[in-house]
Amino acid sequence: MLSNPQLFFFMFAGVTFGMVLGALPGLTGSMGIALMLPFTYKMDPLTSLVFLLSIYTGGLFGGSITAVLINTPGSPANIATSLDGYAMTVKGESEKALGLSLWSSVVGGIIGCLFLVFATEPLASISLKFGAPEMFFVAVFGLTIVGSLSDDVLKSIFSALFGVLLGTIGMSSVGNIRGTFGSMYLLDGIPLIPALIGFLAIPSILDLANQEFITGEQTSHEGKINIKKVLYQIKELIKRPILTVATSLLGVIVGVMPAAGATIASLLSYNQAKQYSKNSKEFGQGAIEGVIASETANNASQGGALATMLVLGIPGSNSTAMLLGALIIQGWVPGPRLFIDNKEIIYASISSLLLQQIVMLIIGILICALAAKIINVPVRYLVPIILMFSILGAFSSRNAMFDAKLMLLFGVIGWIMKKSHFPTMPIVLGIILGPLADRELLRIMQLYDNFFLVFKRPITLILALLSFIGVVLPLIMSNKRNKIGKKAA
Amino acid sequence: MAYIQKCIIPTLITIYALSYLLEVSGQNPTDQTLIRPVVVLLVALYVINTVKDIKETRKSIKDEKAKLEFAKYKKIVFLVSSCVVFFLIVEKIGFIISSILFCFTTLYILGVNNKKTIIIFPIVFSLIVYFIFSRGFGVPVPQGVLNI
């Protein structure tokens, strides 16, 4: 593979393309794979796989650039990155945030690849044992992150419940139409991209209208990024080896689960990092651990998702579903026989993933250097540009203007909620995890006479306990903080 | 006034949740398995939050910052309105013209006074965006009167 310059060309091209698409709100790496899929028909199988995997790799990091710089996650997998990454930017530490994000992506990606090489088959077969109860509690466990998203836990839960309700809109798994109020556009449920842009990006954009620059005032680096400073951020990961490896492994495990994917991986990882961190109070205000947890997990999940896709033929995310399509186009049948019939090509493409992480580092630095100039552009020019990209991003998810209008509605609701101290992130979490919880709960009701029988399954019981702790612990902590505050006053 | 501002969205969300429950209550009970407990919990939290907010608002009522600052929100209201106008005209006159008008309006709202910038920027930006999305990514943006 190393002697084939064509492969390197496609690797660089794929990573760059994926990164640019990932950075544009509304456009994701999976969309990049979809766009490039027709061009791979005439490629040989290895080149085709390497090219598409490179787009996938680039897309995962690309989304974090805009999440850090303008609080607009390029893809849902970078939602958690924006929490601390953007807070760092506001503090004038955009280089640090970008560097952390880049290195975390590279390290998470490498750990994911190593997992893919060594542990693909055994773990993928374990995840097959996950039934409806486990998947339901995976969704509930994911929702418990809301307890950590705001100082007011009750307001967070209120927002999350609203999100879960929005997530159940559309056709249910038994075929009934719910909550569409007659709109044909809502039959497939609330589209995720408009909701994501509306609830997360638009409130921030509207708030920018009263400022001169993103950071409030012009930053000292005048749009020139200090590459050394970006590269030095590796030391922050070296200082935190347990966090880096643990969140990467969590990402891999979540990635292995069918239908979980990079978004859930990064959110769960962020939540766990916050709960176990000594600096949990700093999360959301520019915590280094927050960026590391989110970015290592979402990149590492790639290895897990690819493992399930290659060994079992089950796509763990939109991107792996596209890659599955690419394999089928090549005339291959994903599954255990794939490793017997096409072992060399599969392992060559897997090992190319390791090289892609290095390519991502090189291209990532260049793109970060260009993107950092955004910080010093006056917001009076930036706001129309971001608004137009947001509108087009929402529109292009289904080529429907309805989605762009929905995005604006969500944006206004999100902005008013933000002003009333209701966090909007839990709504997005609810929209993502609500349908999963709804579907699996329905399956549980069909499979079990009594709901409580599900707790006889050990993994379910562990997940249920962790979920309970995830809600109760922030409530206790919040009460303690209030009491200390009152005493101090 | 500050209290109304605080509770308007939670109230609307609660009304929405109840009407959603009402809509599904006539359907198959299995479809309500998750929705019913979620709505009940949401209404309970609404009551708790409202009581809490009333108490907090009473305490901070004398605080000047709690008052509504309409001047501060003027730009935001105009920005949202220009988005609404964009949606009203885009499918009739097409993306390029409506995008030029949208950019021109938003630049003006945000205080750009330079005549060259306010004219050239919207045209160049709209054309670039159009070609990236329409030709590059194959997104079928509304053509309208200009069928390029």
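Which residues in α8(A) meet which residues in α17(A)? I opened the predicted model with that question. On the α8(A) side I listed Ile193(A), Pro194(A), Ile197(A), Ile202(A), Ile205(A) and Leu208(A). Their partners in α17(A) are Val379(A), Val383(A), Ile386(A), Leu387(A), Ser390(A), Gly393(A), Ala394(A) and Ser397(A). By class I noted 11 nonpolar, three polar and no charged residues in this contact.

I then looked up the geometry of the pair. Helix α8 of chain A spans residues 192–208, and its axis comes within 10 Å of that of α17(A). The two axes cross at roughly 170 degrees. The cut-off for roughly antiparallel is over 145 degrees, so α8(A) is roughly antiparallel to α17(A).

**Entry: α7(A) and α19(A)**

I went on to another helix pair in chain A. Helix α7, residues 153–167, packs against α19(A) at an angle of about 40 degrees, with the axes 6 Å apart. I therefore entered α7(A) and α19(A) as oblique to each other. The crossing in which α7(A) passes α19(A) is right-handed.

From α7(A) I listed Ser156(A), Ser159(A), Ala160(A), Phe162(A), Gly163(A), Val164(A), Leu166(A) and Gly167(A) as the contact residues. From α19(A) the list holds Pro426(A), Ile427(A), Gly430(A), Ile431(A), Gly434(A) and Pro435(A). The class tally for α7(A) with α19(A) is eight nonpolar, six polar and no charged residues.

**Entry: nonpolar cores**

Which residues have the most contacts inside the largest nonpolar core? I found Leu166(A) and Phe199(A), in a core of 104 residues. Helix α19 of chain A, residues 425–447, gives the most to this core, with 11 residues.

I followed Leu166(A) further, leaving out residues up to four places away in sequence. In chain A, Leu166(A) touches Ile190(A), Phe199(A), Phe410(A), Ile427(A) and Ile431(A). Leu166(A) also touches Tyr16(B). Leu166(A) is one of the α7(A) residues in the contact with α19(A).

I also noted a second, separate core, which has 51 residues. Among its members are Leu408(A) from chain A and Val90(B), Val129(B) and Val141(B) from chain B.

**Entry: positive phi**

I checked two residues that have a positive phi although neither is a glycine. Asn399(A) has a phi of about 55 degrees and lies in the loop between α17 (379–398) and α18 (401–419) of chain A. Its relative accessibility is 39%, so I entered Asn399(A) as partly exposed.

His421(A) has a positive phi of about 65 degrees. Its place is in the loop between α18 and α19 of chain A. Is His421(A) buried or exposed? At 53% relative accessibility, I entered His421(A) as exposed.

**Entry: the two chains**

For chain A I noted 20 helices and two strands. Of its 489 residues, 63% count as buried. Among contacts in chain A with a separation of 6 or more, residues 24 or more positions apart account for 79%.

Chain B has five helices and zero strands, and its elements run α-α-α-α-α from the N terminus on. Buried residues make up 40% of the 148 residues in chain B. Of the contacts in chain B between residues at least 6 apart in sequence, 57% join residues at least 24 apart.

Technical notes: Residues numbered from 1 in each chain as written. Chains lettered and ligands numbered in written order. Predicted model: local features only at pLDDT ≥ 70, side-chain atom pairs only at ≥ 80, totals over all residues. Heavy atoms only, no water. Core = buried A, V, L, I, M, F, W, Y, C linked by side-chain atoms within 4.5 Å. Buried < 20%, exposed > 50% of the residue type's maximum accessible area, 1.4 Å probe, protein only. Helix = DSSP H or I, 4+ residues; strand = E, 2+ residues; numbered from the N terminus. Contact = heavy atoms within 4.5 Å. Axes fitted to C-alpha atoms, helices over the stretch in contact; angles between N-to-C directions. Parallel < 35°, antiparallel > 145°, perpendicular 65-115°, else oblique. Left-handed = near helix turned anticlockwise from the far one by under 90°. Nonpolar A, V, L, I, M, F, W, Y, C, P; charged D, E, K, R; others polar.
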